[in-house]
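Grab a pencil and have a look at the model below. A few short exercises follow, each with a worked solution.

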Amino acid sequence: MRAVCSKPNSGISFIELLVATSIMALISVGAFVILAEGSKYLTANQMAVDAQRSGLAILSSLGADLQATKPNLISTSGQGIVLATPFNQDRSVEFDLTNSGIRWQSWVCYYYDGQDVTRRERPISTPSDPGTPPAPSSFSPAPIAKVLGTNISRFTVTQTSSVPSLWSVRLTVGSMADTSTYGIELESETGPRN
């Protein structure tokens, strides 16, 4: 008598294929969710970095200009601050040895329009005069203008002390009330060195 042996089936059954496909689908969905959350996290962090960079650029630039001017050459309004600066375009300073004073080069206006902070500059017509330069009648249109920050919801410059002359700069980049965007509040206090 002869024994009949059946050859084992080496193929994949339909059930095994269905289970493997389901497992791969779950892994793919999980990976997609992780990537989507990571993308949102990266976007939020980039918005935070951009807001901080924008705010710090404004504070740094205004602080440097405030330190280089004289207290009597500063005026503020609801839309910003105007001050005289001794800096040339290459950030060098010229001295008048005859009159023992700094040659004031230009008037600078940090202008806030409710959304952006712009640094506008108007050259002083007689930069060789070391005294008090004449104030500009207008900054519009400004020959030299640079947007320092966008999406600014608050920008205020107030004098906190007259002796010594100190100025407080407060700004909010973004919105502190809207949770879908990033907001940051920055404050700095500085004054003229002279």
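**Exercise 1.** Work out how strands E8 and E9 are joined, and which way they run relative to each other.

*Solution.* Keep in mind that this is a predicted model. Start by finding E8 at residues 152-162 and E9 at residues 165-174. Next, count the bridges: there are 9, and the two strands run antiparallel. Now check the link, where 2 residues sit between E8 and E9, making the pair a hairpin. To pin down one bridge, take serine 161, whose partner in E9 is leucine 166.

**Exercise 2.** Check whether the span of helix H1 agrees with its 55 residues.

*Solution.* Helix H1 covers residues 14-68. The expected span takes 1.5 Å times one less than the number of residues, so H1 should span 81 Å. The C-alpha atoms at its ends are 80 Å apart, which agrees.

**Exercise 3.** Is isoleucine 15 buried or exposed?

*Solution.* First, place isoleucine 15: it belongs to H1. Its relative accessibility is 57%, and since exposed means over 50%, isoleucine 15 counts as exposed. Then look at its company: Ile15 helps make a nonpolar surface patch of about 740 Å², along with Phe14, Leu18, Val19, Ile23, Met24 and Ile27. For contrast, the buried residues of H1 include Ala48, Ile58, Leu62 and Ala68.

**Exercise 4.** Now decide how arginine 119 is classed, and find its side-chain contact.

*Solution.* Arginine 119 lies in strand E6, residues 117-123. Buried means under 20%, so at 13% relative accessibility arginine 119 counts as buried. Finally, its side chain makes a polar contact with the side chain of glutamate 121, at 2.7 Å.

Technical notes:
Residues are numbered from 1 along each chain as its sequence is written. This is a predicted model: local features need pLDDT of at least 70, side-chain atom pairs count only at pLDDT 80 or more; totals for chains, interfaces and linings use all residues. Side-chain values use heavy atoms; hydrogens and water are left out. Two strands pair if DSSP finds at least two bridges between them. Helices (H or I, at least four residues) and strands (E, at least two) are DSSP runs, numbered from the N terminus. Patches are made of residues with over 30% relative accessible area and no salt bridge: like charges are joined within 9 Å, nonpolar side chains (Val, Leu, Ile, Met, Phe, Trp, Tyr) within 5 Å. Accessible areas come from the Shrake-Rupley method with a 1.4 Å probe; for residues, only the protein chains shown count as cover. A salt bridge is a side-chain nitrogen of Lys or Arg within 4 Å of a carboxyl oxygen of Asp or Glu. Buried means under 20% relative accessible area, exposed over 50%, partly exposed in between (1.4 Å probe, protein chains only). A polar contact is a pair of N or O atoms within 3.5 Å; within protein, one must be able to donate a hydrogen and the other to accept it, and residues adjacent in sequence count only if both atoms are side-chain atoms.
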